[in-house]
Amino acid sequence: APPPASPVPRDPLVPAIARAIARWGATSVVHDRQTVLDAGRLAALRATTGATVRLVPARSDARVQVADFVAGTARRIASDALAGRGDAELGVLLAPYVDPASIGFRPAPGSRPRPATAD
């Protein structure tokens, strides 16, 4: 028999939104539609953060499209670093946007971006 369903979803989306709201001091968030973001979870986010989360179709909102692109790029940088194929310079540039409570990704200690050079 399958194990009983957990009453709390293990999806990190809701806690991630709450951490982003806290980090950036947001009072309003626009997010693409997600089935995990039902009315109850949206109300809980509002109650715990004070921010409203408005769900929009990603295809019709440029803000969500840009955020998806940036998030995908950040995920690739972090995934490559975790797999040992990381670019130290990209890791340093990404580090200020990674939540300190996040598991996994950390830039190499003491690494710094190289200054740009004219070719």
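Helices here are DSSP runs of H or I at least four residues long, numbered from the N terminus. Keep that in mind for the labels below, and remember that this is a predicted model.

**View 1. The whole protein chain, with four helices and two strands.** Start at the N terminus and you'll walk through the elements in the order α-β-α-β-α-α. The chain has 119 residues, and 18% of them are buried. About 9,000 Å² of the protein chain is exposed, with carbon and sulfur atoms supplying 60% of that area. As for contacts between residues at least 6 apart in sequence, 45% of them link residues at least 24 apart.

**View 2. Strands β1 and β2 side by side.** Here β1 covers residues 28–32 and β2 covers residues 52–56. The two strands run parallel, and five bridges hook them up. To get your bearings, pick out Val-29 in the view, which sits opposite Val-53 in β2. Then look for Val-30, whose opposite number in β2 is Arg-54.

**View 3. The β-α-β unit built from β1, helix α2 and β2.** Helix α2 takes up residues 39–49. Together with β1 and β2, helix α2 makes a unit that is right-handed. The strands at either end of this unit are the parallel pair from View 2.

**View 4. A nonpolar patch on the surface, made by Val-66, Phe-69 and Val-70.** Taken together, these three residues offer about 320 Å² of accessible area. One of them, Val-70, has its place in helix α3, which spans residues 62–82. Is Val-70 buried or exposed, or something in between? Its relative accessible area is 48%, so Val-70 counts as partly exposed, given that this class lies between the 20% cut-off for buried and the 50% cut-off for exposed.

**View 5. Asp-80, another residue of helix α3.** Why does Asp-80 count as buried? Because its relative accessibility is 16%, and the cut-off for buried is under 20%. Which residues does Asp-80 touch, once you set aside its neighbours within four places in sequence? Those contacts are with Arg-85 and Gly-86. So helix α3 gives you a partly exposed Val-70 as well as a buried Asp-80.

Terms used:
Residues are numbered from 1 along each chain as its sequence is written. This is a predicted model: local features need pLDDT of at least 70, side-chain atom pairs count only at pLDDT 80 or more; totals for chains, interfaces and linings use all residues. Side-chain values use heavy atoms; hydrogens and water are left out. Buried means under 20% relative accessible area, exposed over 50%, partly exposed in between (1.4 Å probe, protein chains only). Contact means heavy atoms within 4.5 Å. Accessible areas come from the Shrake-Rupley method with a 1.4 Å probe; for residues, only the protein chains shown count as cover. Patches are made of residues with over 30% relative accessible area and no salt bridge: like charges are joined within 9 Å, nonpolar side chains (Val, Leu, Ile, Met, Phe, Trp, Tyr) within 5 Å. A salt bridge is a side-chain nitrogen of Lys or Arg within 4 Å of a carboxyl oxygen of Asp or Glu. Two strands pair if DSSP finds at least two bridges between them. A crossover is right-handed if, with the strands pointing away from the viewer, the path from the first strand over the helix to the second runs clockwise.
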